[in-house]
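Hi there,

Here is the structure I said I would pass on to you. Have a look at it first, and then read my notes below.

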Amino acid sequence: MEFYEAAARPEGLIRALCRVWERSVRATHTFLDEAEIRRLAAYVPGALREVPLLVVARDSQGEVAGFMGIDAPRLEMLFLEPGQRGKGYGRQLVQAAASRYGVTEVCVNEQNPQARGFYERMGFRVYHRSACDGQGAPYPLLYLRLPKP
């Protein structure tokens, strides 16, 4: 895994991660229409530049398999290249987030049951629900956290 502090994020990396984000969203966020994906895509480069810690997982050929952004204690984003799902990259990223960076919380779209199931398999539990996303759009969010030991 590669770890990037805010000052060390080359533009080529940002562009590559934006492409992974879009492919991942199209594969998992089927509740979003094209206009909404385009609207959200406009925010992604800035979010990738600003999140305090960016972690990239690469496959054996050096291609981006997935990435996560952390603002501890919250996992702000986790996206996998669709062809890399089911290969353990998501688990590795989340385990590193929890063990190395103290991540205990994550938020997912309620309309993305695959994400909820993944985080619940990782030990997270829902503690709150909101009717809208952070921009006020009608996409309910589930807030999950790891139980205290």
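**What I found**

Thr-28 is buried, as its relative accessible area is 14%. Keep in mind as you read that this is a predicted model. Thr-28 belongs to helix α1. Setting aside residues up to four places away in sequence, Thr-28 touches Arg-85, Asn-112 and Gln-114.

**Helix α2**

Next along is helix α2, which covers residues 34–41. At its start, a side-chain oxygen of Asp-33 comes to within 3.3 Å of the backbone nitrogen of Ala-35. Which residues of α2 are buried? They are Glu-36, Ile-37, Leu-40 and Ala-41. Looking down the axis of α2, you will see these buried residues fall within an arc of 135°, so they line one face of the helix. The cover over them includes α1 (11–28) and α3 (44–50).

Ile-37 is a good residue to click on in this helix. Ile-37 is buried, with a relative accessible area of just 4%. Apart from its neighbours within four places in sequence, Ile-37 is in contact with Trp-21, Val-25, Arg-26 and Leu-32. You can also check Ile-37 against Glu-22: the two are 15 residues apart in sequence, and their C-alpha atoms are 7.8 Å apart in space.

**The aromatic rings**

Now for the rings. How many aromatic pairs does the structure hold? There are six. One of them joins Trp-21 and Phe-79 edge-to-face, with 6.3 Å from centre to centre and 65° between the planes. Trp-21 sits in helix α1 and Phe-79 in strand β4 (residues 74–80), so this pair ties together parts that are 58 residues apart in sequence. Both partners are buried: Trp-21 has a relative accessibility of 7%, and Phe-79 has a relative accessible area of 13%.

Phe-79 has another partner too, Phe-67. Their pair is tilted, at 5.8 Å centre to centre and 35° between the planes. It links distant parts of the chain, with Phe-67 in strand β3 (residues 64–71) and Phe-79 in strand β4, 12 residues apart. Is Phe-67 buried or exposed? With 0% relative accessibility, Phe-67 counts as buried. Put together, ring pairs link Trp-21, Phe-67 and Phe-79 into a cluster.

**Around Glu-105**

Further along the chain, take a look at Glu-105, which lies in strand β5 (residues 105–109). Glu-105 counts as buried, at 17% relative accessibility. What does Glu-105 touch, leaving out residues up to four places away in sequence? The list is Pro-73, Arg-74, Leu-75, Phe-124, Tyr-127, Leu-144 and Arg-145. Two of those names come up again in a contact of their own: Arg-145 lies over the face of Tyr-127, 3.5 Å from the ring centre.

**Helix α5**

Helix α5 spans residues 113–121, and its buried residues are Ala-115, Gly-117, Phe-118 and Tyr-119. What covers them includes β4, α4 (89–101), β5 and β7 (141–145). So strand β4, where Phe-79 pairs with its ring partners, turns up here as well. After α5 comes Gly-123, whose phi is positive, near 105°.

**Cysteines**

Last topic: how many disulfides does the structure hold? Zero. Why does Cys-132 have no bond to Cys-107? Cys-107 has the closest cysteine sulfur to that of Cys-132, but it is 12 Å away, which is too far for a bond; a disulfide would need the two sulfur atoms within 2.5 Å. Cys-132 itself is partly exposed, with a relative accessible area of 34%. Cys-18, by contrast, counts as buried, at 18% relative accessibility, under the 20% cut-off for that label.

Happy browsing, and write back with any questions.

How values were computed
Residues numbered from 1 in each chain as written. Predicted model: local features only at pLDDT ≥ 70, side-chain atom pairs only at ≥ 80, totals over all residues. Heavy atoms only, no water. Buried < 20%, exposed > 50% of the residue type's maximum accessible area, 1.4 Å probe, protein only. Helix = DSSP H or I, 4+ residues; strand = E, 2+ residues; numbered from the N terminus. Arc of directions from axis to C-beta. Contact = heavy atoms within 4.5 Å. Polar contact = N/O pair within 3.5 Å; in protein donor to acceptor, adjacent residues only side chain to side chain. Phe/Tyr/Trp six-rings, centres within 6.5 Å; stacked < 30°, edge-to-face > 60°. Lys NZ or Arg CZ within 6 Å of the ring centre and 35° of its normal.
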